[in-house]
Each structure stands twice: as C-alpha cells, then as structure tokens.
Amino acid sequence: MDAPEPLTDEELAEIEELTEATTPGPWYVRILDDDWAMNFVAVSTLPDTGRAERWPDFDHQQIVAATLVQQPRYVDVADARWDENAQFIANARQDVPRLIAEIRFLRQLLEAKTARTETS
C-alpha cells in the first residue's frame with residue numbers, strides 16, 4: 001500500500017472549514033425509540049439518557065444524524081454497524097478539530113527543527 005500524499009495547507013483549511021460549518025459539538029450517540037422510528041440510533045447534541053425516549057419526549061432538533069431507523073426501514077446499513085457508525089460520526093465532531101490542531105503543531109515543530117538545522 002502506497003503512503004498517501006501529505007495534506008496541503010489548503011486541504012487542511014478546507015477540512016477545517018467543513019468542520020466549522022457543522023452543528024457545534026460535542027455530539028453524542030443517542031438510542032431512541034418511538035412508534036414511527038423503532039430502534040432509532042442517532043447522533044445528537046445532547047447525551048443519551050439511557051431511557052430510549054419516544055417522540056415527543058425528545059426534541060428532533062437535537063438530532064444531527066441517524067444511522068438506524070429500523071421500522072420502517074428508513075435508515076439502515078447492510079453490515080449492521082449502525083452503532084459503530086454513530087460513534088464514529090459523533091466522535092468526528094470532537095476529533096477532527098483536534099487532529100487539525102495536532103497536524104499544525106507538528107508542522108510548526110518540523111519547520112522549527114528544519115530552520116535550526118539550516119542555520120547550524
């Protein structure tokens with residue numbers, strides 16, 4: 001497997017812009033249930049309560065994404081990884097900004113080291 005090309009500063013800025021345009025975080029996985037959306041696995045702006053609330057006991061405006069709406073089959077995935085997908089989506093809202101910051105920090109360290117080497 002070939003190593004991927006390094007991200008350019010422009011690509012990193014585009015990823016940051018996409019992230020900043022999303023609903024503010026943090027995001028959480030919510031397990032909900034109701035007569036219209038049985039086994040509703042969602043990404044939400046509020047943490048899960050553990051009560052599998054039925055609508056209208058949860059605000060639909062808190063939902064960022066859904067990875068499973070089982071009955072009827074509105075949202076589903078063939079490999080049955082809806083919990084894992086929801087966790088990934090929820091974590092991405094917090095993780096992507098941290099990864100961007102880490103990349104920029106490491107680039108600064110590398111530039112500083114390169115500058116010291118060139119002046120030695």
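Student: What is the relative accessible area of Leu-109?
Tutor: Three classes apply: buried is under 20% relative accessible area, exposed is over 50%, and partly exposed lies in between (1.4 Å probe, protein chains only). Leu-109 sits in helix α2. Leu-109 is partly exposed, because its relative accessible area is 45%.

Student: How many helices and strands does the protein chain have?
Tutor: This is a predicted model: local features need pLDDT of at least 70, side-chain atom pairs count only at pLDDT 80 or more, and totals for chains, interfaces and linings use all residues. Residues are numbered from 1 along each chain as its sequence is written, and side-chain values use heavy atoms, with hydrogens and water left out. Helices (H or I, at least four residues) and strands (E, at least two) are DSSP runs, numbered from the N terminus. Along the sequence the pattern is α-β-β-β-α, and the protein chain has 2 helices and 3 strands.

Student: Which residues join Leu-109 in a nonpolar surface patch?
Tutor: Patch residues have over 30% relative accessible area and no salt bridge; nonpolar side chains (Val, Leu, Ile, Met, Phe, Trp, Tyr) are joined within 5 Å, like charges within 9 Å. Areas come from the Shrake-Rupley method with a 1.4 Å probe, and for residues only the protein chains shown count as cover. The patch covers about 280 Å². Leu-109 shares it with Phe-105 and Leu-106.

Student: What charge does the surface patch around Glu-14 carry?
Tutor: Glu-14 is found in helix α1 and is partly exposed at 49% relative accessibility. Lys and Arg count as positive, Asp and Glu as negative, with His and the chain ends not counted. Each charge is placed at NZ of Lys, CZ of Arg, CG of Asp or CD of Glu. Glu-10, Glu-11, Glu-14, Glu-17 and Glu-20 gather in a surface patch, and its charge is negative.

Student: How many salt bridges does the whole structure hold?
Tutor: Side chains of opposite charge can pair when their charged atoms come close. A salt bridge needs a side-chain nitrogen of Lys or Arg within 4 Å of a carboxyl oxygen of Asp or Glu. By that rule, the search of the whole structure finds 5.

Student: Asp-9 forms a salt bridge with which residue?
Tutor: The closest N and O atoms of Asp-9 and its partner are 2.6 Å apart. The pair links distant parts of the chain, 98 residues apart: Asp-9 is in helix α1 (residues 9-20), and the partner is in helix α2 (residues 82-119). Asp-9 is exposed at 55% relative accessibility, while the partner is partly exposed, with a relative accessible area of 23%. That partner is Arg-107.

Student: Where does the salt-bridge partner of Arg-30 lie?
Tutor: Arg-30 pairs with Glu-53, with the closest N and O atoms 3.6 Å apart. Arg-30 is in strand β1 (residues 28-32) and the two are 23 residues apart in sequence, so the pair ties together separate parts. Both residues are buried. Glu-53 lies in the loop between β2 (40-44) and β3 (63-68).

Student: What is the closest N and O separation between Asp-79 and Arg-81?
Tutor: Asp-79 is partly exposed, with a relative accessible area of 42%. Arg-81 is also partly exposed, at 48%. They form a salt bridge, and the closest N and O atoms are apart by 3.7 Å.

Student: Which residue does a cis peptide bond join to Gly-25?
Tutor: Omega of this bond is about 5°. The partner lies in the loop between α1 and β1. The partner is Pro-26.

Student: What is phi of Ala-80?
Tutor: Ala-80 is in the loop between β3 and α2. At 39% relative accessibility, Ala-80 is partly exposed. Its phi is positive, in a residue other than glycine, with a value near 60°.

Student: What radius of gyration does the protein chain have?
Tutor: The radius is taken over C-alpha atoms, and the globule rule is 2.2 Å times the number of residues to the power 0.38. A compact globule of 120 residues would be near 14 Å. The C-alpha trace spans about 70 × 30 × 20 Å along its principal axes. The radius of gyration of the protein chain is 20 Å.

Student: What percentage of the residues in the protein chain is buried?
Tutor: Arg-93, in helix α2, is buried, with a relative accessible area of 15%. Of the 120 residues in the protein chain, the buried ones make up 20%.
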